[in-house]
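Reader: I am new to this structure and would like a close look at one loop and what surrounds it. Please go through it step by step, and then place it in the whole.

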Amino acid sequence: MKSNSLIYIGIVSSVLGLLLFGLAFWQEGFNMNNFKTRNTYENKTYKTSESINSISITDSNVKINVTTTASTELSIEYMETQDKNYNITLSEDGKLRVVKNPDTTKWYHHIINLDFSSPLMTIHIPKSFTRIQNIDIATSNSTITADSITADDINLTTSNAKIDVAGATSKNDFVAKTSNSEVKISNCTADSITATSSNGGLSLTNSAANTCNMKTTNSRIILTTSSISNSLYATTANAKIELDMMSSPNETSLITSNGEVSGTMIGNSSDFSYDCTTTNATSNLPSNMTIGEKSLKIKTSNAKINLEFIAK
């Protein structure tokens, strides 16, 4: 009886599939080439040598790379179909905007897709463009990578994919935000560095800032050989916070749960006043003691605190 039911379900599913295929085929005038034409990505390039003071990219489901070039022209290499395309504008005051137009893909185009390309956008910014005020890059479900870019403010946002930045310089704020994936920042300089995720690790390496704020959940935070002068905040849950030869800013706050806080900071133990507690584990730092002018706050649970100081 059960096998007969399975056979019946299989027959019904096959008939429905054939009907959907036939309906999609009919919608395109029984011409298979229409599916190929509408769904096939074409490589395109936008170029300009005009002065740029801001760059704004708003996309979705597309990997974005941002890098520099020795050329005097800014170029954007991107991919389009008839139904998935962009509006690119450059205003008289130097604001470059790239916005993905509404997707006009019909439902039946998803049934027969003859192009399996992974769309990619690459922005090449001339090194001579030294007066860019803002670089704002936003996508979703795809990675963002940036190499050696410079602007007064840099904002990188995606979701469900990683952000990987190296060699960026920001006069003011550098912000990298994602979810369910990692953020990696290395060799970057800014007045303020902010990295945010959820369920994804955060790492800061060989970077410098006045303030730094790292926040995630269920994943570790790794801080390595970076110089933070004023304040450092690192917050996660159910994961470790690891420091390796980090500078000792005026204010340090390291908060987690069910994960240890360990590593090394440059400085002397007498530089700090302490508020460091854990539960059901050991700590090598005072729980409450006022000694130096700098403040060090560490909170965790069910895991140890083991932070060592390396004299300058």
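Author: Two residues are in contact here when they have heavy atoms within 4.5 Å of each other. The model is predicted, and the part chosen is the loop that holds Asn 141, which runs between strand E8 (134-138) and strand E9 (144-147).

By the contact rule, and not counting residues up to four places away in sequence, Asn 141 touches Asn 61, Thr 158, Ser 159, Asn 160 and Ala 161. One of these partners is also reached through polar atoms: the side chains of Asn 141 and Asn 61 are joined by a polar contact of 2.8 Å. How exposed is Asn 141? Its relative accessibility is 42%, and because partly exposed covers the range between 20% and 50%, Asn 141 counts as partly exposed. Lys 162 lies 21 residues away from Asn 141 along the chain, and the C-alpha atoms of these two are separated by 9.0 Å.

Lys 162 leads on to a second loop. Ser 181 sits between strand E13 (169-177) and strand E14 (183-186), and its side chain reaches the backbone nitrogen of Lys 162 at 3.1 Å. With neighbours within four places in sequence left aside, Ser 181 is in contact with Asn 160, Ala 161 and Lys 162 on the one hand, and with Ser 197, Ser 198, Asn 199, Gly 200 and Gly 201 on the other. Asn 160 and Ala 161 are therefore touched by Asn 141 as well as by Ser 181. Ser 181 has a relative accessible area of 17%, which is under 20%, so Ser 181 is buried.

Asn 199, one of the contacts of Ser 181, belongs to a third loop, between strand E15 (189-196) and strand E16 (202-205). With 39% relative accessibility, Asn 199 is partly exposed. Its backbone deserves a note. Most residues other than glycine have a negative phi. The phi of Asn 199 is near 60°, a positive value in a residue that is not glycine. Asn 238 is another such case, with a positive phi of about 60°. Asn 238 is placed in the loop between strand E19 (227-235) and E20, and at 41% relative accessibility this residue is partly exposed.

Back at the start of the walk, strand E8 enters the loop of Asn 141. E8 pairs with E2 in the parallel sense over five bridges, and within this pairing Thr 58 stands opposite Ala 138 in E8. Strand E2 (residues 54-58) also pairs with strand E6 (residues 95-100), again parallel and over five bridges. There, Ser 54 stands opposite Lys 95 in E6. Ser 54, a residue of strand E2, has 12% relative accessibility and so counts as buried. Beyond four places in sequence, its contacts are Gly 94, Lys 95, Leu 96, Ile 132 and Asn 134.

Ile 132 is also a contact of Ile 125. The other contacts of Ile 125, with neighbours within four places left aside, include Ile 55, Val 66, Leu 74, Ile 135 and Ile 149. Ile 125 is one of the residues with the most contacts inside the largest nonpolar core, along with Met 121 and Phe 174, and this core has 62 residues.

On the other side of the loop of Asn 141 comes strand E9, which is part of an open sheet of 12 strands. The sheet has mixed pairing and the order E1-E4-E7-E3-E9-E12-E14-E16-E18-E20-E22-E25. Strand E1 (42-48) and strand E25 (305-310) form its edges; each has a single partner strand, so one side of each is left without a neighbour in the sheet. From one strand to the next, the twist averages 10°. Strands of a sheet pair through backbone hydrogen bonds, either parallel or antiparallel. One parallel pair in this sheet is strand E18 (residues 221-224) with strand E20 (residues 241-246), joined by four bridges, with Ile 221 opposite Ile 241 in E20.

As for the whole, the protein has two helices and 25 strands. Of its 312 residues, 41% count as buried. Among contacts with a separation of 6 or more, 37% link residues 24 or more positions apart. The protein exposes about 15500 Å², of which carbon and sulfur atoms supply 49%.

Definitions and conventions. Residues are numbered from 1 along each chain as its sequence is written. This is a predicted model: local features need pLDDT of at least 70, side-chain atom pairs count only at pLDDT 80 or more; totals for chains, interfaces and linings use all residues. Side-chain values use heavy atoms; hydrogens and water are left out. A nonpolar core is a set of buried Ala, Val, Leu, Ile, Met, Phe, Trp, Tyr and Cys residues joined through side-chain atoms within 4.5 Å. Buried means under 20% relative accessible area, exposed over 50%, partly exposed in between (1.4 Å probe, protein chains only). A polar contact is a pair of N or O atoms within 3.5 Å; within protein, one must be able to donate a hydrogen and the other to accept it, and residues adjacent in sequence count only if both atoms are side-chain atoms. Two strands pair if DSSP finds at least two bridges between them. Axes are lines fitted to C-alpha atoms, for helices over the stretch in contact, and angles run from 0 to 180 degrees between N-to-C directions. Accessible areas come from the Shrake-Rupley method with a 1.4 Å probe; for residues, only the protein chains shown count as cover.
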